[in-house]
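This report goes through one protein chain, from its overall layout down to single residues. The sequence and the structure come first, and the notes follow.

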Amino acid sequence: MKNRFIKFASAIALSAMLLTACASAPRGAMVKIGEKYITKDQVQKEYDRVIASYSDEQKAKYDESTEEGKKASLTLKQNILDMFSNIEVVKQKFAKLEKEYKDEGKSEEEIAKVSVTEQEINDNLAKVKEQLGDKFNEELEKAKLTEDELKYKIEDNLYSTKFQTWFSENYDPTDEEIMEKYKGSDFDGPQINASHILVENEEDAKKVKSRLEAGEKFEDVATEVSKDPSAKKNKGVLGTFTKGVMVKEFYDAAVKLKVGEISDPVKTKFGYHIIKLNEIVEDYDKFSDESKKRIKQNLKKSLLSEKFKTEFEKIQKEVGYLPIKNFK
């Protein structure tokens, strides 16, 4: 319960209470975003809160009397500064979008996608209180937060979640982009259907291979000796899958087989496998719908991650993000 609460409370940086609006840079200014500054003291305050919420074992990792501790401490401070900066960039971008949406006469539903209301914050706070029950104040103290500070974090968490949704909707990769990304990717390879028998060591795997070569049925041997818990039900049949689903050693060995062929022992982190190839499909267009969906989902994540880096830099520039100092 404690870890869940602390993880939630520390996920997003404090915003309004930690950002200072002023005409000239305040003492210790680290970053300027629009007309707001984030200072070293503000980062230090959050750093102290985070460290205070840690166990003694965790605190030891940030002991600044050691070189390792100094590095860990600076890394954490930089992470906090980055979180403060990123959430403020999001807030200022959303403020611009909210004004644009209203000026364009967009629906309340659309406006709600780029704004956070006090009602939403209070509703989420109520959920946290309901989840923790009588332990709410105790967990708040362990996290070294006041209720108002928790509300700021809830607000930032809502902004972060809505921004991710907004970004996905507005920068969703096209089918053309996905297919271009597919070529030469970690998922580019034939779709196969295979069975396997998993054993603990190479000697046992060779014995299995000998039994199969002597004419015993693959499914019978799999049911009898395979260490794969599912073998009793599926008789060793793994079904249809594409590159990137199974561990590399397994897929690479299976895809080299001819249909009906049985492999030599193949070592993976799970043990030793004897593999039988049941089917292979080379043409992507003939892959199952499930395989295509899985590949597209993985490639979409990768493309969105790439787009996020470049597009977020543009958003930073748009709102006036200016780094002054860092902790590195």
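## Exposed and buried positions near the N terminus

At 52% relative accessibility, Ser24 counts as exposed, because the cut-off for that class is over 50%. The model described here is predicted. Ser24 sits in the loop that runs between β1 (20-21) and β2 (29-33). Ser160 is 136 residues away from Ser24 along the chain, and the C-alpha atoms of the two are separated by 28 Å.

Thr39 belongs to strand β3, which spans residues 36-39. Is Thr39 buried or exposed? Its relative accessibility is 7%, so Thr39 counts as buried, the limit being under 20%. Leaving out residues up to four places away in sequence, Thr39 touches Pro26, Arg27, Gly28, Ala29 and Met30.

## Domains and annotation

The protein is divided into two parts: domain 1 is made of 29-173 + 315-323, and domain 2 of 191-281. Between the C-alpha centres of domain 1 and domain 2 the distance is 48 Å. An unreviewed UniProt entry places the annotation "domain: PpiC" on residues 189-279. Over residues 189-279 the chain is 35% helix and 29% strand. The end C-alpha atoms of that stretch are 14 Å apart.

## Helix α4 and the nonpolar cores

Helix α4 covers residues 67-103, which makes 37 residues. From its first C-alpha to its last, α4 reaches 54 Å, close to the 54 Å expected at 1.5 Å a residue. Just after α4, Gly105 takes a positive phi of about 75°.

In soluble globular proteins, nonpolar side chains tend to be buried together. Here the largest nonpolar core has 41 residues. Those with the most contacts inside this core are Val43, Leu81, Phe94, Phe136, Leu150, Phe163 and Trp166. Two or more residues each are given to this core by β2, α2 (40-53), α4, α6 (118-132), α7 (136-142), α8 (147-170) and α14 (289-319). Which element supplies the largest share of this core? That is α4, with ten residues.

Val43 is in contact with Ile38, Lys77, Ile80, Leu81, Phe84 and Phe327, when neighbours within four places in sequence are set aside. Apart from the core of Val43 lies another core, of eleven residues, including Ile192, Ala194, Ala253 and Leu277.

## Strand β4 and its partners

Strand β4 (residues 191-199) is mostly covered, with nine of its nine residues buried. In a regular strand the side chains alternate between the two faces of the sheet. In β4, Gln191, Asn193, Ser195, Ile197 and Val199 point one way, while Ile192, Ala194, His196 and Leu198 point the other way. The residues of both sets are buried.

β4 pairs with two strands, β7 and β5. Strand β7 (residues 271-281) runs antiparallel to β4 and is joined to it by nine bridges. Within this pairing, Ser195 stands opposite Lys276. Strand β5 (residues 237-241) also pairs with β4 in the antiparallel sense, over four bridges. There the bridge partner of Asn193 is Thr240 of β5.

## Three lysines

How exposed are Lys144, Lys235 and Lys276? The table gives the values and the places.

| Residue | Place | Relative accessibility |
|---|---|---|
| Lys144 | loop between α7 and α8 | 36%, partly exposed |
| Lys235 | loop between α12 (231-234) and β5 | 43%, partly exposed |
| Lys276 | strand β7 | 25%, partly exposed |

Most residues other than glycine have a negative phi. Lys144, although not a glycine, has a positive phi of about 60°. Lys235 is another residue other than glycine with a positive value, its phi being near 55°.

Lys276 touches Asn193, Ala194 and Ser195, and also Phe218, Gly260, Glu261 and Ile262, not counting residues up to four places away in sequence. Of these, Asn193, Ala194 and Ser195 are buried residues of β4. Lys276 and Pro265 are eleven residues apart in sequence and 11 Å apart in space, C-alpha to C-alpha.

Conventions: Residues numbered from 1 in each chain as written. Predicted model: local features only at pLDDT ≥ 70, side-chain atom pairs only at ≥ 80, totals over all residues. Heavy atoms only, no water. UniProt positions renumbered as here; feature names shortened; annotations may be inferred. Domains from an automatic or database assignment. Expected span 1.5 Å × (residues − 1). Buried < 20%, exposed > 50% of the residue type's maximum accessible area, 1.4 Å probe, protein only. Contact = heavy atoms within 4.5 Å. Core = buried A, V, L, I, M, F, W, Y, C linked by side-chain atoms within 4.5 Å. Pairing = 2+ DSSP bridges.
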